[in-house]
Amino acid sequence: MKRALLFSIFCILTRTHSIGQEPDENKLGAWYMYFYNTTFKGSNWGVQGDFQYRDWRGIGDREQLLLRSGVTYTPKDSGVKFTLGYANISTGQFGKEIDNPVIENRIYQEALFSNTLLKRLLMTHRFRYEQRWVENQDFRTRYRYNLFVNIPFNNSTLIKNTYYMALYNEIFINGERNIGGGRSVQFFDRNRTYLGLGYTINKALRVQLGWMEQTTVNWQKGQLQFSLHHTF
């Protein structure tokens, strides 16, 4: 009887602990993002990047702090922009007052190109390959493809004072499956689907507000996204 009672208590504590590690799928999170991009005058070279604060609940429960920047090169008349970049990411645990964040350093390469369909569907394709050094894990890689679509309402392009709809879908595929310590990850890592509204303030600044559904192997969660897009 005593053993059974101890076993029951152990199961309850273990279950409570495991639940604490998973995000609450019913609570809407939020991502606050700044994207920048510039090309050096008279050159095919430039820099681009983004700084993001992601929160499990909106504010006060850090999901991630992501700092990412890269050097870009656009070959003449190619229509393709290549980037070599670096990112530092600290990831907190859901619902933890003391985060003990997991730190990741990442190098990435990407190719970005755009095309227009039906005069109003402004499409951008992004292919990204990542090399990842995650704390307490073996070396990892990941493949990503994102299709962005912007649909302007009152103009045919995103010129000043243009309102537009923004959509994207991004799929993530893991490279190495074994991550050390007898642990492994799935071939499929996650998928993100986004729908938002944007406004072009001027040729240098755009703002967007939208909703993104993120689906992983273990959970699915909605996030609000607030973003500022800066070209200078």
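Helices (H or I, at least four residues) and strands (E, at least two) are DSSP runs, numbered from the N terminus. The model is predicted: local features need pLDDT of at least 70, side-chain atom pairs count only at pLDDT 80 or more, and totals for chains, interfaces and linings use all residues. Residues are numbered from 1 along each chain as its sequence is written, and side-chain values use heavy atoms, with hydrogens and water left out.

**Exercise 1.** State how many helices and strands the protein chain has, and find the barrel.

*Solution.*
1. The protein chain holds one helix and 13 strands.
2. In sequence order, the pattern is α-β-β-β-β-β-β-β-β-β-β-β-β-β.
3. Two strands pair if DSSP finds at least two bridges between them.
4. A closed barrel of 11 strands follows the order S1-S2-S3-S4-S5-S6-S7-S8-S11-S12-S13, and its pairing is mixed.
5. From one strand to the next, the twist averages 20° (axes are lines fitted to C-alpha atoms, for helices over the stretch in contact, and angles run from 0 to 180 degrees between N-to-C directions).

**Exercise 2.** Describe how S11 pairs with S8 and with S12.

*Solution.*
1. Strand S8 (residues 163-174) and strand S11 (residues 188-200) run antiparallel and are joined by 11 bridges.
2. Across this pair, Phe172 is opposite Arg190 of S11.
3. S11 also pairs with strand S12 (residues 205-216), in the antiparallel sense and over 11 bridges.
4. Asn191 has Thr215 of S12 as its bridge partner.
5. Four residues separate S11 from S12, and the two strands form a hairpin.

**Exercise 3.** Place Arg128 in its strand and decide whether Arg128 is buried or exposed.

*Solution.*
1. Arg128 belongs to strand S6.
2. Strand S6 (residues 121-134) runs antiparallel to strand S7 (residues 140-152), with 11 bridges between them; Leu122 has Asn150 of S7 as its bridge partner.
3. Arg128 counts as buried because its relative accessibility is 5% (buried means under 20% relative accessible area, exposed over 50%, partly exposed in between, with a 1.4 Å probe and protein chains only).
4. Beyond its neighbours within four places in sequence, Arg128 is in contact (heavy atoms within 4.5 Å) with Arg68, Tyr108, Gln109, Glu110, Arg142, Tyr143 and Arg144.
5. The side chains of Arg128 and Glu110 make a polar contact at 2.6 Å (a pair of N or O atoms within 3.5 Å; within protein, one must be able to donate a hydrogen and the other to accept it, and residues adjacent in sequence count only if both atoms are side-chain atoms).

**Exercise 4.** Give the buried share of the protein chain.

*Solution.* Of the 232 residues in the protein chain, 38% are buried.
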